[in-house]
There are 2 protein chains.
Amino acid sequence: MPVAEPLSRERVLDAAMGIVEADGIAALSMRALAAQLGVAVTAIYWHVGNKAELLAALVERIGTDVGDIRTTGRTPEQRVASTARSLLQSIDDHGALVGLAHQHGRLALVFAPARAAIAEAFSDAGLRGAALVDATNAVIQVVAAYSLTESVMSRSPVQRTDAVRLWDGPPPIDALAAKRLHQPVDTERTFQALLQAVIRGLLR
Amino acid sequence: MPVAEPLSRERVLDAAMGIVEADGIAALSMRALAAQLGVAVTAIYWHVGNKAELLAALVERIGTDVGDIRTTGRTPEQRVASTARSLLQSIDDHGALVGLAHQHGRLALVFAPARAAIAEAFSDAGLRGAALVDATNAVIQVVAAYSLTESVMSRSPVQRTDAVRLWDGPPPIDALAAKRLHQPVDTERTFQALLQAVIRGLLR
DNA sequence: ACCTGAACACCGTTCAAGT
DNA sequence: ACCTGAACACCGTTCAAGT
């Protein structure tokens, strides 16, 4: 039988990452972590300080895991859109970890590779200086919007999709639009529409 | 001296709302709530069931509080932009409560009044049907992006604004843009740029 | 240097008991 | 119908004690 591997900061973080990915952040308690590692709860404190430091260390690990992005397409427009979609997919695949990064104000870490790729694409499209920066940050903001509302929301325990009444009397807009506005938002469609509008608007 | 008012669901929710607004969601424990009300912890359970139901009830209250929006401006473009900014201000003023609504998947409740106002403005601009719905949802998505990244983020305990390296070698974009991209994002500026780009892109 | 066990001050929740 | 107090199973964290 194998000799028991000694406890280390690496092993603690690996186990913590495993619990978060498997059962969510709520399942990550110091006691559960200790049980997983077959060790006394207090042993963990020697390696990672306390729970806040443990979470912070986990967040710093996320960048490399989640930031793995693919950029495709011939035109700059296509490359911006494909990068945004790739980032969104990656965020979706690592929901709990991204939520953790969000809570620690470290979303920039997750978005960095995509930011670089999008800046390059906009540069290819002829944007320079402040206009390039604004365009890049705007697209990232759009992806953040979608990932933080839709994907994070759909992972939350409670799910409420019933619509909210928008007008008391007859809607002051056309009937078809009014009907659709009262149905649940098709977030995927909205994301596509928003992304296209932003890219169009940013490239004049 | 006044006779002690009997405990009621209303009084429990009022006290809970007070704690959340004063000290944040983390400060809202059943025991703290009981202490605030001068009552045994278990008395609360008779009126609100449990903590999950209490939070859900709080979220349903938020709509009316946060959704109070002002729309100004002559042109439809101005009215869309002013509504978005007014919503953003309101979200900023009720950070903890909006965070609560977010966790319960009930952001739609908070956004409803602004959604109606924006739909009217876009309708005035000539949009109809699916295009009107897409435009309305897209603008709401933008406000959600900004409020959930910037305002909610800036309220989180940990604050990290140091930049993340985007390229290992020389940046493949112009020097000014590269320098700016490595500085902390001016989220207010990005919000304005994004909002303008979206409105432009959506109105052809 | 690394790990354990007891202890402390917190949680949310249940339940029998009171009025 | 409404409220209390004791109790249970959880938390994160500290600290003296072991090797």
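How much accessible surface does chain A have, and what share of it belongs to carbon and sulfur atoms? The accessible surface of chain A is about 9700 Å², and carbon and sulfur atoms hold 53% of it. Areas here come from the Shrake-Rupley method with a 1.4 Å probe; for residues, only the protein chains shown count as cover.

This is a predicted model: local features need pLDDT of at least 70, side-chain atom pairs count only at pLDDT 80 or more, and totals for chains, interfaces and linings use all residues. Residues are numbered from 1 along each chain as its sequence is written, chains are lettered from A and ligands numbered from 1 in the order in which they are written, and side-chain values use heavy atoms, with hydrogens and water left out.

**Stop 1: chain A as a whole**

Select chain A and show it as a cartoon. Chain A has 10 helices and 0 strands. Helices (H or I, at least four residues) and strands (E, at least two) are DSSP runs, numbered from the N terminus. Turn the chain about. Its C-alpha trace spans about 70 × 50 × 30 Å along the principal axes. The radius of gyration of chain A is 22 Å, whereas a compact globule of 204 residues would have one near 17 Å. That radius is taken over C-alpha atoms, and the globule rule is 2.2 Å times the number of residues to the power 0.38.

Now colour by burial. Of the 204 residues in chain A, 50% are buried. Buried means under 20% relative accessible area, exposed over 50%, and partly exposed in between (1.4 Å probe, protein chains only). Next, contacts, meaning heavy atoms within 4.5 Å. Among contacts in chain A with a separation of 6 or more, 64% join residues 24 or more positions apart.

**Stop 2: DNA strand C**

Select DNA strand C and its surroundings. A residue is near a strand if one of its heavy atoms lies within 4 Å of it. There are 17 residues around DNA strand C, and A40(A), W46(A), H47(A), R31(B) and T42(B) are the closest. Of the strand C atoms within 4 Å of the protein, 46% are sugar and phosphate. Helix α3(A) gives the largest share of this surface, 4 residues. By class, the surface near strand C holds 9 nonpolar, 5 polar and 3 charged residues. Ala, Val, Leu, Ile, Met, Phe, Trp, Tyr, Cys and Pro count as nonpolar, Asp, Glu, Lys and Arg as charged, and the others, Gly among them, as polar.

Zoom in on the polar contacts. These are pairs of N or O atoms within 3.5 Å; within protein, one must be able to donate a hydrogen and the other to accept it, and residues adjacent in sequence count only if both atoms are side-chain atoms.

- R31(B): a side-chain N or O atom is 2.4 Å from a base nitrogen of strand C.
- T42(A): a side-chain N or O atom is 3.0 Å from a base oxygen of strand C.
- A40(A): a polar backbone atom is 2.7 Å from a phosphate oxygen of strand C.

**Stop 3: DNA strand D**

Switch to DNA strand D. Which residues come nearest? Of the 16 around it, they are R31(A), T42(A), A40(B), W46(B) and H47(B). Here α3(B) gives the largest share of the surface, 4 residues. Select H47(B): a side-chain N or O atom is 2.4 Å from a phosphate oxygen of strand D. At T42(B), a side-chain N or O atom lies 3.0 Å from a base oxygen of strand D.

**Stop 4: helix α6 of chain B**

Finish at residues 95-103 of chain B. In this helix, 7 of 9 residues are buried, including L97(B), V98(B) and L100(B). Just after α6(B), select G105(B), which has a positive phi of about 65°.
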